[in-house]
Amino acid sequence: MATAVSGSCNVTPNMQLKAITEADLIGNIFTDFSITCFENCIFVVITQFGKLGTLVHITKDVPQEVSCNTEDRAVFSTKVIFGNDEPYVHAAARYLVSLMETSKTVLLAIALKNWDRDTVVTIGNRAKQIFYKALVGV
């Protein structure tokens with residue numbers, strides 16, 4: 001059964017997409033990264049299996065408090081659309097998107113062989129570098 005998600009990625013005619021695909025060796029495991037920036041969302045694929053894996057829809061929620069720096073108080077809502085709906089998947093998704101510093105909705109496809117903290121941090125740092133390359137069109 002498919003899950004409908006509001007705010008999905010829109011593609012319009014003649015739309016310029018910013019996309020980048022790279023591979024790296026993370027913890028002696030080949031890891032593929034693909035980031036596509038759409039007009040209203042970002043599609044991120046991080047895989048060590050050569051397939052999409054779990055799909056997670058992530059939105060940035062900002063508290064309505066006026067007296068604080070809202071960037072420091074960002075909260076990310078995650079919803080597994082398809083795949084492994086486990087707490088470590090949600091935690092990794094929130095962490096990875098927090099590094100990207102974007103207010104856009106993110107659709108993350110992630111398939112990792114190793115979900116330990118060090119691996120996720122290393123993957124996050126590499127994904128952040130690739131995300132900024134995609135933004136500037138390098």
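When I say contact, I mean heavy atoms within 4.5 Å. With that in hand, take Ile 46: leaving aside neighbours within four places in sequence, its contacts include Phe 33, Leu 96, Leu 108, Ile 110, Ile 123 and Ala 127.

Quick housekeeping before the tour. This is a predicted model, where local features need pLDDT of at least 70 and side-chain atom pairs count only at pLDDT 80 or more, while totals for chains, interfaces and linings use all residues. Residues are numbered from 1 along each chain as its sequence is written, and side-chain values use heavy atoms, with hydrogens and water left out.

OK, the overall layout. We have 2 helices and 6 strands, where helices (H or I, at least four residues) and strands (E, at least two) are DSSP runs numbered from the N terminus. Reading from that end, the order is β-β-β-β-β-α-β-α.

Now the sheet. Strands pair, in my usage, if DSSP finds at least two bridges between them. The 6 strands make an open sheet with mixed pairing, in the order S1-S2-S3-S6-S4-S5. At the edges sit S1 (18–26) and S5, each pairing on one side only. On average, neighbouring strands are turned by 20 degrees against each other, direction ignored; the axes behind that are lines fitted to C-alpha atoms, for helices over the stretch in contact, and angles run from 0 to 180 degrees between N-to-C directions.

Going across: S1 and S2 are antiparallel, with 9 bridges, and Ile 26 stands opposite Ile 29 in S2. S2 (residues 29–37) is also antiparallel to S3, through 6 bridges, and a hairpin of 3 residues links the two strands. Within that pairing, Ile 35 has Val 44 of S3 as its bridge partner. On to S6: S3 pairs with it in the parallel sense over 7 bridges, with Phe 43 partnered by Leu 107 in S6.

So which residues of S3 are tucked away? By buried I mean under 20% relative accessible area, with exposed over 50% and partly exposed in between (1.4 Å probe, protein chains only). S3 has 6 of its 7 residues buried, so the rest of the structure largely encloses it. For the protein as a whole, 38% of the 138 residues count as buried.Next, the helices. H1 (residues 87–100) has 14 residues, and at 1.5 Å a residue it should span 20 Å; the end C-alpha atoms are 21 Å apart, which agrees. That expected span is 1.5 Å times one less than the number of residues. The buried residues of H1 include Val 89, Ala 93, Leu 96 and Met 100. These buried residues of H1 pack against S3 (41–47), S4 (54–61), S5 (75–82), S6 (105–111) and H2 (117–136). Right after H1 comes Glu 101, with a positive phi near 50 degrees. H2, for its part, lies across S1, S2 and S3, running at about 150 degrees to S1.

Finally, the core. A nonpolar core here is a set of buried Ala, Val, Leu, Ile, Met, Phe, Trp, Tyr and Cys residues joined through side-chain atoms within 4.5 Å. The largest has 28 residues, and Ile 46 is back again, among those with the most contacts inside it, along with Ile 35, Ile 42, Val 44, Ile 58 and Leu 108. S1, S2, S3, S4, S5, H1, S6 and H2 each supply at least two residues of this core.

One last number: of contacts between residues at least 6 apart in sequence, 63% join residues at least 24 apart.
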